Amino acid sequence: MEGEGRASRARSSGLPAGGAGGDCPGGAAPLPGSSGSSALLPAEVLDLDEDEDDLEVFSKDASLMDMNSFSPMMPTSPLSMINQVKFEDEPDLKDLFITVDEPESHVTTIETFITYRIITKTSRGEFDSSEFEVRRRYQDFLWLKEKLEEAHPTLIIPPLPEKFIVKGMVERFNDDFIETRRKALHKFLNRIADHPTLTFNEDFKVFLTAQAWELSSHKKQGPGLLSRMGQTVRSVALSMRGVKSRPEEFMEMNNFIEIFSHKINLIDKISQRIYKEERDYFDEMKEYGPIHILWSASEEDLVDPLKGVASCLDKCCKATEKRMSGLSEALLPVVHEYVLYSEMLMGVMKRRDQIQAELDSKVEALTSKKADTDLLTEEIGKLEDKVECANNALKADWERWRQNMQNDIKSAFIDMAEENICYYEQCLATWESFLTSQTDLHLEEAFPSTGFPAWRG
């Protein structure tokens, strides 16, 4: 039978050969310019020694910039072809602009929460207007993320900031926490808007345009509690069962994710430690300026030098504060976002394995003839298509994510290096200017008849 032949091929190859000529759930068009190689980045992509005192982030062979890529042949449905034309032929054309701003606190008898204003401007024909303004709370963002994962299980959904406050945060709703979350939510929505597939998701459109009561009504249209519980139980069962033969390219992908997760978590930890030490240094240096001013009041002969030192310390404090701002706004959020991305990637791989595990279980049932063979053959055919669509979607999105990751991390570290160079040059110039002025003053006092500074020249 044809179904048995396909089942046999599925068992022997580990990657089903079922056709996927139609529009696949979670499918995405491949990126332009991708090569035919299926090699992954080498494991030393973020070559950081186990010793946390070693702050060397990238390996000397610049492996982070190695651009070997997947280039899967994707099913070309009409929608995917339209999306491909839009993003390949007009790469600079952006037709969806989203801004998250104006956080607002709400206090009820039950809870206290923050909502954020979301302004959407677009020229897309599927929207009823060119501009929308709605307010959303964190739970609404969480709902959107879950709906995207449900509709596109093997696409890499951008991560949300953590629901709970980080350790050491004194006040849940203080200004710093709210602003940090606002920026992360802004990035979350704009990453979805820039994604060639997720940007056209219907739930995403509803999230951006529906008023609060309309969104609440839309949420209730989903599957009921019993249906969701059944799906969860089945997913857990498939996870426990595991995959017998994961394709080699996904084995390599999984290994990369594990190594990347370890390295990026270590970089995040070190970056946070550097920021804390910088903060302690700044707090201590702030005290020295006033101390030198007070000292000058009791030393008549040293008034000018002591006030000069106080002035230099003040300028260095301002430069240090600026550098800390750059660290907290440019580097730390990028590194931590990719910590969250590493967790998302593990979830994507788990969902891909669940789809394959479901196919494997049907193939085993057909082999042992534990159920109606005709029905199983039909189900296996559908699952083969589903697995192939899931695999192609993940491979295409993996390449897209990896290139974004390389660009984001490279840009963050280059910007931080430039900030450090400017900081040290500014501090050096400040102290050199002070020392030069003091040297000239002493020479004038030592050689009053020589016409200094003409004598110096």
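**Group meeting talk: a sheet, two helices and some rings**

Okay, let's start with the sheet: 3 strands make an open sheet, ordered β1-β2-β3, and the pairing is antiparallel. Keep in mind that this is a predicted model.

Which strands stand at the edges? Those are β1, residues 96-107, and β3, residues 131-137. Each has a single partner strand, so one side of each is left without a neighbour in the sheet. On average, and ignoring direction, neighbouring strands here are turned by 20° against each other.

If you're new to this, strands of a sheet pair through backbone hydrogen bonds, and they can be parallel or antiparallel. Now look at β2, residues 112-122: 7 bridges join β2 to β3, and the two run antiparallel. You can also find Lys121, which stands opposite Glu131 in β3.

What lies across these strands? Helix α4, residues 175-194, lies across β1 and β2 and runs at about 145° to β1. Then there's helix α5, residues 202-209, lying across β1, β2 and β3, at about 90° to β3.

Right, on to the aromatic rings. A pair of rings is described by the distance of the centres and the angle of the planes. How many aromatic pairs are there? The count comes to 12 aromatic pairs. Take Phe256 and Trp398: their ring centres are 5.2 Å apart with the planes at 85°, and since planes over 60 degrees apart count as edge-to-face, that's what this pair is.

Where do those two sit? Phe256 is in helix α8, residues 248-296, while Trp398 is in helix α10, residues 373-446. So the pair ties together parts that are 142 residues apart in sequence. And are they buried or exposed? Phe256 is buried, at a relative accessible area of 5%, and Trp398 is buried too, at 0%.

Those two also belong to a cluster: ring pairs link Phe256, Phe260, Tyr338, Tyr341, Trp398 and Trp401.

Here's another edge-to-face pair, Tyr423 and Tyr424, with 5.1 Å from centre to centre and 70° between the planes. Tyr423 is buried, with a relative accessible area of 5%, whereas Tyr424 is exposed, with 52%.

Tyr423 has a charged residue by its ring as well: Arg323 lies over the face of Tyr423, at 3.9 Å from the ring centre. And for one more charge over a ring, go to Phe97: the charged end of Lys94 sits over that ring, 5.7 Å from its centre.

That's my tour, thanks for listening!

Conventions: Residues are numbered from 1 along each chain as its sequence is written. This is a predicted model: local features need pLDDT of at least 70, side-chain atom pairs count only at pLDDT 80 or more; totals for chains, interfaces and linings use all residues. Side-chain values use heavy atoms; hydrogens and water are left out. Rings of Phe, Tyr and Trp (its six-membered ring) pair if their centres lie within 6.5 Å; planes under 30 degrees apart count as stacked, over 60 as edge-to-face and the rest as tilted. Helices (H or I, at least four residues) and strands (E, at least two) are DSSP runs, numbered from the N terminus. Buried means under 20% relative accessible area, exposed over 50%, partly exposed in between (1.4 Å probe, protein chains only). A charge sits over a ring if NZ of Lys or CZ of Arg is within 6 Å of the ring centre and within 35 degrees of the ring normal. Two strands pair if DSSP finds at least two bridges between them. Axes are lines fitted to C-alpha atoms, for helices over the stretch in contact, and angles run from 0 to 180 degrees between N-to-C directions. Contact means heavy atoms within 4.5 Å.
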